[in-house]
Amino acid sequence: LTVGVQAGAPAGGSGTQYFVGNFDGATFTSENPKKQVLWADYGADFYAAQGWNNTPGERPIWAAWMNNWQYANVVPASTSRGSLTLPRELSLTSTPDGIRLRQAPIRELQSLRAEPQQWRDVVISPGTNLLDGVSGELFEIRAEFAITQAMDADRLGFRIRTNQAGDEYTTVGYTLKSQTLFVDRTRSGQETFNSEFPAVHMAELEPIDGVVRLHILVDRSSIEVFANDGLVTMTDLIFPDSSSIGLVLFVDGGEVSANSLEVFGL
């Protein structure tokens with residue numbers, strides 16, 4: 001059962017709750033503890049999700065309105081006031097905390113991919129950028145990082161849609177000590193049209209079997225993050241300058257091993 005709320009979501013403003021349970025055709029019975037609320041997305045721009053049946057293969061698929069009522073009427077867009085997220089296939093999975101929602105971009109989107117740039121078993125050091133020379137407005141990133149408690153590194157991640165001066169970008173990152181996924185759009189481009197827009201959005205994300213997986217899809221005015229195979233998602237609008245097309249892989253405080261990294265142009 002999903003509930004769209006206009007206020008009170010983790011990133012502020014509107015968002016989408018979900019409840020796991022059973023429906024007998026008349027009554028939904030939640031299996032969640034009474035005071036527990038689960039969130040479908042921890043970014044600011046995932047609201048009023050719409051689902052379909054009769055899909056190919058009878059897959060449960062939905063998409064949400066990619067906007068937030070805090071600023072929906074003033075976003076710097078000339079022909080729209082929000083779009084839909086990419087379609088996502090839904091499933092439920094058992095975790096140590098209970099049954100949770102898992103979301104994945106539908107596999108048909110893979111037809112948009114150009115040939116990937118790929119790396120395996122590389123060490124990422126502070127002050128270096130493995131992705132120097134990789135650029136574009138639209139791309140897809142799949143990465144797996146080895147995470148251990150003994151690591152000196154503080155943060156790792158990607159600076160997306162960077163400009164030449166290095167002062168415009170959106171950061172999708174992971175803080176190792178607090179085990180936190182975050183999207184920082186405080187320098188993402190046009191962000192002063194509303195005081196609530198330039199913010200850092202966060203979600204708890206524990207490594208699974210010593211790794212953190214990030215799957216990121218970047219469109220011209222949005223970033224959708226699927227972490228640990230879609231157990232945690234974050235969806236955020238961004239409004240960068242069209243000339244901001246750089247991509248940076250960074251680590252702060254120490255080295256991190258990337259088991260795998262793929263970057264596709266779209």
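Select T170, V172 and Y174 in strand β14: these three point one way from the strand, while T171, G173 and T175 point the other way, and all are buried (under 20% relative accessible area with a 1.4 Å probe, protein chains only; exposed is over 50%, partly exposed in between). In a regular strand the side chains alternate between the two faces of the sheet. Widen the selection to residues 170–175, the whole of β14, where 6 of 6 residues are buried. Strands here are DSSP runs (E, at least two residues), numbered from the N terminus.

The model is predicted, so local features need pLDDT of at least 70, side-chain atom pairs count only at pLDDT 80 or more, and totals for chains, interfaces and linings use all residues. Residues are numbered from 1 along each chain as its sequence is written, and side-chain values use heavy atoms, with hydrogens and water left out.

Next, add β13 (residues 155–162), which runs antiparallel to β14 and is joined to it by 6 bridges; strands count as paired if DSSP finds at least two bridges between them. Pick F158 and find its bridge partner in β14, V172.

Then show β15 (residues 180–184), antiparallel to β14 over 5 bridges. From G173, go to its bridge partner F182; from T171, go to D184. The β14–β15 hairpin has 4 residues between the strands, and Q179 there takes a positive phi near 50°.

Finally, display the open sheet of 5 strands, ordered β16-β15-β14-β13-β20 with antiparallel pairing. β16 (200–204) and β20 (246–252) stand at the edges with a single partner strand each, so one side of each has no neighbour in the sheet.
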